[in-house]
Amino acid sequence: MLCNKKENEFRTKTMLKTVLSMLVLGTVLMTGCGKGEEDTEQESGQRQEALDAAGEAGTAEPIVFKGEDMEGNVVSSSVFSEAKLTMINVWATYCGPCLREMPELGELAGEYDAKEFQLIGIVSDMMDGVEQEEFDMVVELIEQTGASYTHMLLNESLRDAFLTDVTAVPTTFFVDENGVVLDVVVGAMGKDDWKEKIDELLEDL
């Protein structure tokens, strides 16, 4: 099972107090909230729907967006041209599997040449312009998970670009330097699995 966006009742301050313990206890990464064998078919269907929505690789319209990172710097779809492959990880503050995979995503972000691979996180349950208390909570989650790569709060542009067909988090998009979606992964994965997928996609570019 994956974290449904409607499950925002779990987005509370207690997440800040429990995230570190979750990272310790979650030695085996779950691919989604309450993951069970019965969810494999559902994930496969969601992944295919996302790919269908994006269109066939190489023929889909380029992704276009504009927003700001957590430091207030403008980030737009022109960022895709800065690396051969961009990983867009859509996560939420209430999503345990999202938070558990972020430390290893942070490691991956630093292990590749910036011209080859870059990683951007989109906080799907926090809109740009949130209250300072909520903004600070996001910053603390990012710091505690060691996810020291670019993160953006949601805005209308990002929602239209990535979240139209996203029904669960984490959902991850892989985009080429032209802004075309190459692949979509629904659910969390371990570092080795992510690295294998990244390397395979880079080989084809």
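# A tour of the predicted model

Start by selecting Phe65, Phe80, Phe162 and Phe173, which together form one aromatic cluster. Keep in mind throughout that this is a predicted model. Phe173 and Phe65 from this cluster will come up again at later stops.

**Stop 1: the sheet**

Select the strands β6, β5, β4, β8 and β9, which make up an open sheet in that order, with mixed pairing. Which strands stand at the edges of the sheet? They are β6, residues 150–154, and β9, residues 181–186. Each of these has a single partner strand, so one of its sides is left without a neighbour in the sheet. Looking from strand to strand, you will find neighbours turned by 20° against each other on average, with direction ignored.

Now narrow the selection to β8, residues 171–176, together with β9. The two run antiparallel and are joined by 5 bridges. Phe173, a member of the aromatic cluster, has Val184 in β9 as its bridge partner.

Next add helix α4, residues 132–145, which packs on the sheet. This helix touches β4 (85–91), β5 (117–127) and β6. The direction of α4 makes about 145° with that of β5.

**Stop 2: a loop residue beside the cluster**

Select Ser77, in the loop between β3 and β4. Is Ser77 buried or exposed? Its relative accessible area is 18%, so Ser77 counts as buried, the limit being under 20%. Leaving aside residues up to four places away in sequence, Ser77 touches Ile63, Val64 and Phe65. The last of these, Phe65, belongs to the aromatic cluster where the tour began.

**Stop 3: the disulfide**

Select Cys95 and Cys98 and show their side chains. How many disulfides does the structure hold? There is 1, and Cys95 and Cys98 form it, with their sulfur atoms 2.5 Å apart. The link is right-handed, with 80° about the S-S bond. Cys95 is buried at a relative accessible area of 0%, and Cys98 is buried with a value of 0%.

**Stop 4: a tilted aromatic pair**

A search of the whole structure finds 5 aromatic pairs. For one of them, select Tyr112 and Phe117. Their ring centres are 5.1 Å apart and their planes stand at 55°, so the pair is tilted. Tyr112 is buried, at 14% relative accessibility. Phe117 is buried too, with a relative accessible area of 2%.

**Stop 5: a salt bridge between two loops**

The structure has 5 salt bridges by the rule applied here. Among them is the one between the side chains of Lys84 and Glu116, at 3.3 Å from N to O. Where do the two residues sit in the chain? Lys84 lies in the loop between β3 (74–76) and β4, and Glu116 in the loop between α3 (96–111) and β5. The pair links distant parts of the chain, its residues being 32 residues apart. Lys84 is partly exposed, with a relative accessible area of 34%, and Glu116 is partly exposed at 27%.

**Stop 6: a network between two helices**

For the last stop, select Glu107, Glu111 and Lys191, which are linked in a network of salt bridges. Begin with Lys191 and Glu107, whose side chains meet at 2.9 Å, N to O. Lys191 is in helix α6 (residues 191–203) and Glu107 in helix α3, 84 residues apart.

Then turn to Glu111, which forms a salt bridge with Lys191, the closest N and O atoms being 2.6 Å apart. Glu111 is in helix α3 and Lys191 in helix α6, and the two are 80 residues apart. Both of these salt bridges therefore link helix α3 with helix α6.

Which of these residues are buried and which are partly exposed? Lys191 is buried, with a relative accessible area of 18%. Glu107 is partly exposed at 41%, and Glu111 is partly exposed at 43%.

Terms used: Residues numbered from 1 in each chain as written. Predicted model: local features only at pLDDT ≥ 70, side-chain atom pairs only at ≥ 80, totals over all residues. Heavy atoms only, no water. Pairing = 2+ DSSP bridges. Helix = DSSP H or I, 4+ residues; strand = E, 2+ residues; numbered from the N terminus. Axes fitted to C-alpha atoms, helices over the stretch in contact; angles between N-to-C directions. Contact = heavy atoms within 4.5 Å. Disulfide = S-S within 2.5 Å. Buried < 20%, exposed > 50% of the residue type's maximum accessible area, 1.4 Å probe, protein only. Phe/Tyr/Trp six-rings, centres within 6.5 Å; stacked < 30°, edge-to-face > 60°. Salt bridge = Lys/Arg side-chain N within 4 Å of Asp/Glu carboxyl O.
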